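Colleague: Could you take me through one residue of this model in close detail, and then carry on from there to the rest of the fold? I'd enjoy one connected account.

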Amino acid sequence: MIRIKDIPLPPRHNVSQLSFEAAQLLRVSNSTIRKVKIVRRSIDARKKPDVKYNYTIDVQVNGNEEKILRNSRCKKASIAPWTGYKVKPLKNPDVSRPVVVGFGPAGMFAALVLAMAGAQPIVLERGEDAESRHEKVQKFWQTGELDVRSNVQFGEGGAGTFSDGKLNTGVNNPRIPWVLEQFVLAGANEEIMYDAKPHVGTDVLLHVVQHIRNKIISLGGEVRFNTQVTGLCTENGKLTGLKLHNDATGENSEIKVDGAFLAVGLMPENEPFAALDGGEDGLIFYRAILRDYASLVKPGGLILLEMAFDQAEDLKRLAAEYLPMASVEILRDLGGNDRVTHITLPKD
Ligand SMILES: Cc1cc2nc3c(=O)[nH]c(=O)nc-3n(C[C@H](O)[C@H](O)[C@H](O)COP(=O)(O)OP(=O)(O)OC[C@H]3O[C@@H](n4cnc5c(N)ncnc54)[C@H](O)[C@@H]3O)c2cc1C
């Protein structure tokens with residue numbers, strides 16, 4: 001594919017024009033252009049009132065791409081980067097079913113990929129399905145009555161489901177077109193594939209997330225709502241199970257797992273349990289960092305460990321144990337509390 005950037009078109013235009021523009025820019029006949037795919041569309045209002053649409057397109061041509069590109073001498077054109085993410089089927093489908101905790105965007109797409117790979121994931125979500133959740137949210141907005149189990153934060157679709165449905169990400173990743181494609185296959189407008197500020201809309205998003213859930217189920221996955229993970233079961237430091245609480249029935253249970261994908265969101269009370277469980281003395285992660293990863297830091301480099309206000313002595317002791325040649329300083333926060341262990345490794 002050949003990518004052509006910065007093709008300006010007036011506000012009133014027909015997208016079929018892009019094919020002619022491509023032919024002109026690549027200096028080929030119209031019949032050489034086999035297919036045009038819009039990659040991005042933005043509005044250029046820098047020179048008001050001369051407002052324009054600005055397109056980036058990928059062009060499939062009849063003939064040798066490299067040669068056409070060379071002959072065109074078009075500075076806006078180049079070979080399109082790879083974006084063809086495909087889910088690979090699992091090599092060994094007999095492994096135990098993976099468990100995904102949380103059914104917001106992160107959990108939903110993890111479960112979708114696992115389902116498409118044939119792994120039949122089990123999803124555990126503390127909130128309700130989108131439809132029941134919608135009713136609870138409407139009730140909250142009308143009466144102020146909050147259901148702590150099912151609300152704008154918790155449930156199918158995750159935290160942003162009831163906002164206006166703009167798709168924002170600060171990440172530049174070749175899998176993004178694949179994610180957008182899944183939204184479109186589940187009912188979102190095709191324009192999100194190329195709009196610079198893609199917008200699904202809450203009303204559509206509610207159906208889209210249910211579609212994605214049904215796809216996961218149709219591929220052998222399972223989605224359990226009202227199922228909150230309340231703790232981890234471990235043996236010899238290895239995760240063996242999850243403790244569950246069913247908010248609807250009040251029932252407690254356990255599920256055996258070989259591993260789990262925690263996608264519980266960013267709210268402080270939802271910190272991944274592993275991050276909260278520092279072992280018997282609260283130092284398990286610090287010990288692992290100093291013992292296993294300090295060798296990755298260059299001689300003379302720094303290791304900064306954020307810590308609780310009462311852990312300074314423990315961390316000084318650990319640093320002396322694992323990195324006896326390093327110099328250690330304790331830094332305080334603005335409140336005067338010990339906050340960071342600042343370890344400088346020896347220069348050689
Ligand atoms: C009000 C609001 C509006 C937003 N608007 C936008 C927007 O317009 N566009 C945009 O791009 N982003 C928006 N965001 C940000 C976006 O919602 C988040 O970036 C995104 O939801 C994060 O996805 P996630 O899957 O990591 O976490 P979440 O969406 O938070 O999903 C976590 C899921 O895990 C479940 N869960 C939590 N704990 C447990 C547990 N112990 N056991 C089982 N399940 C659990 C929760 O119920 C939840 O469904 C908005 C966020 C908020 C709060």
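Modeller: Happy to, and let's start with Ile284, bearing in mind that this is a predicted model. Ile284 has 14 C-beta neighbours inside 10 Å, so it counts as partly exposed; a buried residue would need 20 or more, and an exposed one would have 12 or fewer. Ile284 belongs to helix α8, which covers residues 284-293. Once its neighbours within four places in sequence are set aside, the contacts of Ile284 are with Gly278 and Gly279. For a sense of distance, take Pro105: 179 residues separate Ile284 from Pro105 along the chain, and their C-alpha atoms are 30 Å apart.

Pro105 is a handy stepping stone, since α3 spans 105-116. This helix lies across β5, β6 and β11, and its direction makes an angle of about 165° with β5. The three strands that α3 crosses also appear in an open, parallel sheet of four strands, ordered β7-β6-β5-β11. At the edges of that sheet are β7 (222-224) and β11, each of them paired on one side only. Between neighbouring strands the average turn is 20°, with direction ignored. One of the pairings is that of β6 with β7, parallel and held by three bridges; here Ile122 stands opposite Glu222 in β7.

What does the largest nonpolar core consist of? It has 36 residues, and Val101, Ala111 and Val208 have the most contacts inside it. Two or more residues each come from β5 (99-101), α3, β6 (122-124), α6 (202-218), β9 (238-246) and β11 (260-262). The largest share is that of α3, with seven residues. A second core, separate from this one, holds 12 residues, among them Ile2, Ile33, Val36 and Tyr55.

Val101 deserves a moment of its own. Leaving out its neighbours within four places in sequence, Val101 is in contact with Gly107, Leu124, Val229, Ala260, Phe261, Leu262, Ala263 and Val264.

From that list, Val229 takes us to another sheet, because it stands opposite Leu244 in β9. This open sheet has three strands in the order β8-β9-β10, with antiparallel pairing. Both β8 and β10 (252-256) are edge strands with a single partner, so each has one side without a neighbour in the sheet. From one strand to the next, the twist averages 30°. The antiparallel strands β8 and β9 are joined by eight bridges, and Cys233 faces Gly241 in β9 as another opposite pair.

The hairpin that β8 and β9 form has two residues between the strands, and within it Asn236 has a positive phi near 50°. Most residues other than glycine have a negative phi. Asn236 is also exposed, because just 5 other C-beta atoms lie within 10 Å. Arg27 is a further non-glycine residue with a positive phi, near 55°. Its place is the loop between α1 (17-26) and β2 (33-44), and with 12 C-beta neighbours inside 10 Å, Arg27 counts as exposed. Arg73, just after α2, likewise takes a positive phi, of about 50°. The helix before it, α2 (residues 65-72), is hardly covered: of its eight residues, the count that are buried is zero.

Finally, the ligand. Its surroundings comprise 28 residues, with Gly102, Gly104, Gly158, Gly160 and Gly265 coming nearest. The elements that give two or more residues to this shell are α3 and β8 (227-235), and α3 gives the most, with three. Sorted by class, the shell has 11 nonpolar, 13 polar and four charged residues. In that count glycine goes with the polar group, which is worth keeping in mind when you read the five nearest names. So α3 is a good place to return to on screen, because as a DSSP helix it contributes the most both to the shell around the ligand and to the largest nonpolar core.

Note on methods. Residues numbered from 1 in each chain as written. Predicted model: local features only at pLDDT ≥ 70, side-chain atom pairs only at ≥ 80, totals over all residues. Near = placed C-beta within 6 Å. Core = buried A, V, L, I, M, F, W, Y, C linked by C-beta atoms within 7 Å. Contact = placed C-beta atoms within 7 Å. Axes fitted to C-alpha atoms, helices over the stretch in contact; angles between N-to-C directions.
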